[in-house]
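Welcome! Take a moment to look over the model, and then let us walk through some of its features together.

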Amino acid sequence: METSRSPRRIGVLAFDGVMLLDLSGPAEVFVAANRQVPGAYEISVLTVGGGAFETSVGARMEAVAVAGSGTFDTVVVVGSTRPALRFVTPELVAATRELAGRSRRMAAICTGAFVLAEAGLLDGRAATTHWKYTRDLAARYPGVSVRHDAIYVRDDRTYSSGGASAGIDLALALVEEDHGIEVAQAVARDLLVYLQRGGGQSQFSSSASAKVVESHVVRRVTDHVRAEPQVPHSVRSMAAFAHVSERQLTRLFRDELGTTPASYVADLRFGIACDWLRAGSSVAAAAAAAGFSSGEMMRRVFLTRLGRSPRAFRDEARRDAGSFTSGDANRGKPVAPGAGARTAAG
């Protein structure tokens, strides 16, 4: 087993009201990395003044004061469920600036991006945060090029992630950057998490974001179709399943979803196929999972909707996801320094 020559010091900057998973998720990734590479990381939980702080679940934890805590390889600034105006204090921002001066890289989990932005560390750079707060981040900090649905973003020495679980993806990417893909994969297996969510992948799943309605009839049909997309659903079969006429089912779909039953099925299948292709599946596997009768039928749909083949779509998704290391095309995409400034100006 490989042993690290000297541990990389990881500082996790916390405060009262911090979201516990924002802190514990990435921290556990680094702890698990130590099981693969003994001595790889040394983790310190920090607060502005040290001592006890309270997490989002009410649990209290002890932390080291930022002052005198030494230098760090990486500082991770975590987020909160509280509004940014309440937790982004001048003291926290000053501590973040101080830590940035004695660390190699700075990372933000979820709304921790507001702390980095307020400290000026994201000026002229690309960044992301939880999708609920990206518009607010962009409005407050116009010098930041906000990626509205990326899972995580790297721009030079700054890193940011979406919601709490995306912090685990970001931490895995940092481990991969430090110790290689095999170690990162071993950590992911150890924690039973999905390694291959690339930074450029959307925070949303197109199939999961399909409209859901309250109507008993329409909801029953849509749940049935989503549960078994491989079944050859027709308007007649769906109407029979719901015990209504085809005309009534069509009217209900138009009234509540603004589409027809057939179009709903087509859109859902297309979304599922896109999800599978983004995850790197073969065209045949994606077609089968989405319920297309053949790969050729799916190819025709993609050409009609997107003007490109499923294979081209998958390859483009892989390129967009980029790579922290040359050996894995599904990892987060590094952004050139200053790209945020150019994007904001353009």
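## A helical pair to begin with

Let us start with Asp223, which counts as partly exposed because its relative accessibility is 36%, between the 20% limit for buried and the 50% limit for exposed. Keep in mind as you read that this is a predicted model.

Which residue forms a salt bridge with Asp223? The partner is Arg219, and the closest N and O atoms of the two are 3.2 Å apart. Both residues belong to helix 8 (residues 216–227), where being four residues apart puts about one helical turn between them. Arg219 is partly exposed as well, at 31% relative accessibility.

## Another pair on a helix

Now turn to helix 5 (residues 134–140), which holds Asp136 and Arg140. These two residues form a salt bridge, with 2.8 Å between their closest N and O atoms. They are four residues apart, so about one helical turn separates them.

Are these two residues buried, partly exposed or exposed? Asp136 has a relative accessible area of 31%, which makes it partly exposed. Arg140 is partly exposed too, with a relative accessibility of 38%.

## A buried bridge and a network

Where do the two ends of the salt bridge between Arg125 and Asp155 lie in the chain? The closest N and O atoms of this pair are 3.4 Å apart. Arg125 sits in the loop between helix 4 (112–118) and strand 7 (126–127), while Asp155 is in strand 9 (residues 152–155), so the bridge ties together parts that are 30 residues apart in sequence. Both Arg125 and Asp155 are buried.

How many salt bridges does a search of the whole structure find? The count is 24. Salt bridges also link residues into a network, made up of Arg8, Asp73, Arg104, Arg105, Arg154, Glu177 and Asp178.

## Two single residues to find

Thr96 is part of helix 3 (residues 90–100). Its relative accessibility is 0%, so Thr96 counts as buried. Which residues does Thr96 contact, leaving aside its neighbours within four places in sequence? They are Leu13, Val77, Met106, Val115, Leu116, Ala119 and Leu121.

For a contrasting setting, find Ala279 in the loop between helix 11 (261–278) and helix 12 (283–290). Ala279 is partly exposed, and its relative accessible area is 38%. Along the chain, Ala279 and Arg318 are 39 residues apart, and in space their C-alpha atoms are separated by 8.6 Å.

## The chain as a whole

Step back and you can see a chain of 346 residues, 49% of which count as buried. The chain has 15 helices and 11 strands. Among its contacts with a separation of 6 or more, 65% are between residues 24 or more positions apart. About 15700 Å² of the chain is exposed, and carbon and sulfur atoms supply 52% of that area.

## How far to trust the picture

What is the average pLDDT of the chain? The average is 85, and 84% of the residues score at least 70. Residues 322–346 have a pLDDT below 50, although this stretch has 77 contacts in the model beyond near neighbours in sequence. Where pLDDT is low, the predicted coordinates should not be read in detail.

Definitions and conventions
Residues are numbered from 1 along each chain as its sequence is written. This is a predicted model: local features need pLDDT of at least 70, side-chain atom pairs count only at pLDDT 80 or more; totals for chains, interfaces and linings use all residues. Side-chain values use heavy atoms; hydrogens and water are left out. Buried means under 20% relative accessible area, exposed over 50%, partly exposed in between (1.4 Å probe, protein chains only). A salt bridge is a side-chain nitrogen of Lys or Arg within 4 Å of a carboxyl oxygen of Asp or Glu. pLDDT is the predictor's confidence in each residue, from 0 to 100. Contact means heavy atoms within 4.5 Å. Accessible areas come from the Shrake-Rupley method with a 1.4 Å probe; for residues, only the protein chains shown count as cover.
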